[in-house]
Structures are given as structure tokens and as C-alpha cells.
Amino acid sequence: MTSILVVEDDHRIAAFFAKGLAAEGYTVTTAGDAGAALDALAGAGDGLSLVLLDLGLPDVDGMALLRELRAANARVPVLIVTARQSTSDKVAGLDAGATDYITKPFAFDELLARIRAALRAADPETSNVLSVEDLTFDLVSKTARRGGHSIELTPREWALLEMFMRNPTQILSRVQILNRVWDYGFDPGSNIVDVYVGYLRRKLNRPGLTPMIQTVRGAGYRLVPRA
Ligand code: CA
């Protein structure tokens, strides 16, 4: 059971996170201020898997709460979720011991991906390698291999490949891909998805290997045809 503590004083946002995370199978508790968060942390002990931390809290600043946690040797992954966008805020958050930092507004899928990444990093027992047929992708080293060859990828291509490999037989629409791999503010009329799928396809499909990334007309793409 993976349990997440949401520290957020805006009840609407907290409820939105709680609902979305519960739908992904996480057990969620919420705390509206730093005091409640410390109580929840003390109560959960080692049972807590991850903390989503808003910085603007009514009692103590979230950054101070984070420092207090780290000073007390708590090793739980903490993902800061905040409207504070400046580089100095991000640097301060990461230096204070945050595992990751995500700024509002963001796509919920991106938050989920960052949560998964933080949980993987915290649990060395979890496999870091995705594999589909003869294709493997190491989520930590960002190395893809197929047919005995390693494949050089750019960051956008990693993100795209990870999405395909997590949903290998599912048709992914351009809009779904755009929302997850790019920004949800990105112009949906752009052909950037097709361009990057093309790049990735050329890298994955060497002579003699079964072609991957099928175009499904009018619908999108999928990594491998359904068996
Ligand atoms: Ca707040």
C-alpha cells in the first residue's frame, strides 16, 4: 500500500489531489497546515510513502516544515507543489531536502509521473527497467536498448518512449501525448507530436527488427499492435 500525505491549506486543491490520487490506487491523507502535517507524519511513522507539500501554509512556511522534517532525519520523499516559480525558490526547496519540485499550474499526469519517479528512487527494490518485447528502457540511466544496440535519446524522446512503454498496446492520441510529454498549454494544432514520434520510430526501428510505433489512422499511435 502506497500512502501519500497531501499538505495543502486550500481545501479545493487538497480534495482534487485526494480524489485524483485515490483514483490511481494511492491511500491519501490530507493536512491543512504544518501542525496537522507533523501530527500525521508522527502518526504514520514509516508507513508513509510520500509527501506532497504546498509551501504557502497558514501556520509555518512549507520550507520550514521540510527543514524540520529533514533535521529529524525523516527520509520520506517530499515533492514540493507550489506556485512559486523562481529558480531561487526551486534551489532553496531542493537544498532543503525536497525530492522534487513541481510548479503550478501543471498537468496532473506530470504530477503522477513525478510521484512514481520519487517512489521508485526511494525504493531500490522496484525495477527501474521497463521492457516491451525486445525493447528495454532504464528509467534511471535513461538508456534504451533494442536488439543488442543502445539507442541515444533526447529528453523529449525519453518521455515519449516512457509513455509508450507504460501503455504498450494502447492507442495514444496526439492530445494525450501532447498533454503528458509537452505542456498542457501547448498548441494542439502543432504537429510536434508527429515529428517526435517520427524521430523515435527511426531510432527504434532498425533493419531486421519488427517495426514499433504503429500509426492508427485518425486515432493516434501505439507502440505494438494488439496481439
Ligand atoms: Ca497554500
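Hi everyone. Let me start with a word we will need: a residue is called buried when its relative accessible area is under 20%, exposed when it is over 50%, and partly exposed in between. By that rule G56, at 36% relative accessibility, counts as partly exposed. Please keep in mind that this is a predicted model.

G56 brings us to the calcium ion. Which residues are its protein donors? They are D9 and D54, each through OD, and G56 through its O, and they lie 2.2 to 2.4 Å from the ion. Written along the sequence, the donor spacing reads D-x44-D-x1-G. D9 sits in the loop between strand 1 (3-7) and helix 1 (11-23), while G56 sits in the loop between strand 3 (50-53) and helix 3 (62-71), so this pair ties together parts that are 47 residues apart in sequence. Like G56, which has 36%, D9 counts as partly exposed, with 29% relative accessibility. The donor D54 also turns up in another setting: a network of salt bridges links it with E8 and K104.

Now let's step back to the whole protein. The domain assignment gives domain 1 as 3-122 and domain 2 as 129-223. Taken over C-alpha atoms, the centres of domain 1 and domain 2 are separated by 30 Å. How many residues are in contact across the two domains? Six residues of domain 1 are in contact with six residues of domain 2. Between them, the domains bury about 560 Å², with 47% of it on carbon and sulfur atoms. On the domain 1 side, D109, R116 and R120 supply 61% of the area buried against domain 2, more than any other three residues. D109 is also worth finding for its side chain, which meets that of R180 in a salt bridge at 3.4 Å, N to O. The count of salt bridges between the two domains is one, and the count of residue pairs in polar contact there is also one.

Salt bridges deserve a little tour of their own, since the structure holds 10 of them. One of these joins the side chains of D134 and R146 at 2.9 Å, N to O. D134 lies in the loop between strand 6 (129-132) and strand 7 (135-138), and R146 lies in strand 8 (residues 143-146), so the pair ties together parts 12 residues apart in sequence. Are these two partners buried or exposed? D134 is partly exposed at 34%, whereas R146 is buried at 1%.

Next, look at helix 6, where R166 and E162 both lie, four residues apart, about one turn of the helix. Their side chains meet in a salt bridge of 2.9 Å, N to O. Here E162 is buried, with a relative accessible area of 14%, and R166 is partly exposed, with 29%.

A further salt bridge, 2.7 Å from N to O, brings R174 and D194 together. This pair links distant parts of the chain, with R174 in helix 7 (residues 174-181) and D194 in helix 8 (residues 192-204), 20 residues apart. Both ends are partly exposed: R174 has 34% and D194 has 25%.

Finally, back to helix 6 (residues 155-166), where you will also find E157. At 3% relative accessibility, E157 counts as buried. What does E157 touch, leaving aside residues up to four places away in sequence? The answer is E152, Y196, Y199, L200 and K203.

Thanks for listening!

Conventions. Residues are numbered from 1 along each chain as its sequence is written. This is a predicted model: local features need pLDDT of at least 70, side-chain atom pairs count only at pLDDT 80 or more; totals for chains, interfaces and linings use all residues. Side-chain values use heavy atoms; hydrogens and water are left out. Donors are N, O and S atoms within 2.8 Å of the metal (3.2 Å for Na, K and Ca); water is not among the atoms, so sites may look incomplete. Helices (H or I, at least four residues) and strands (E, at least two) are DSSP runs, numbered from the N terminus. Buried means under 20% relative accessible area, exposed over 50%, partly exposed in between (1.4 Å probe, protein chains only). Domain bounds come from an automatic or database domain assignment. Contact means heavy atoms within 4.5 Å. Buried area is the accessible area (1.4 Å probe) that two parts lose on being put together, summed over both. A salt bridge is a side-chain nitrogen of Lys or Arg within 4 Å of a carboxyl oxygen of Asp or Glu. A polar contact is a pair of N or O atoms within 3.5 Å; within protein, one must be able to donate a hydrogen and the other to accept it, and residues adjacent in sequence count only if both atoms are side-chain atoms.
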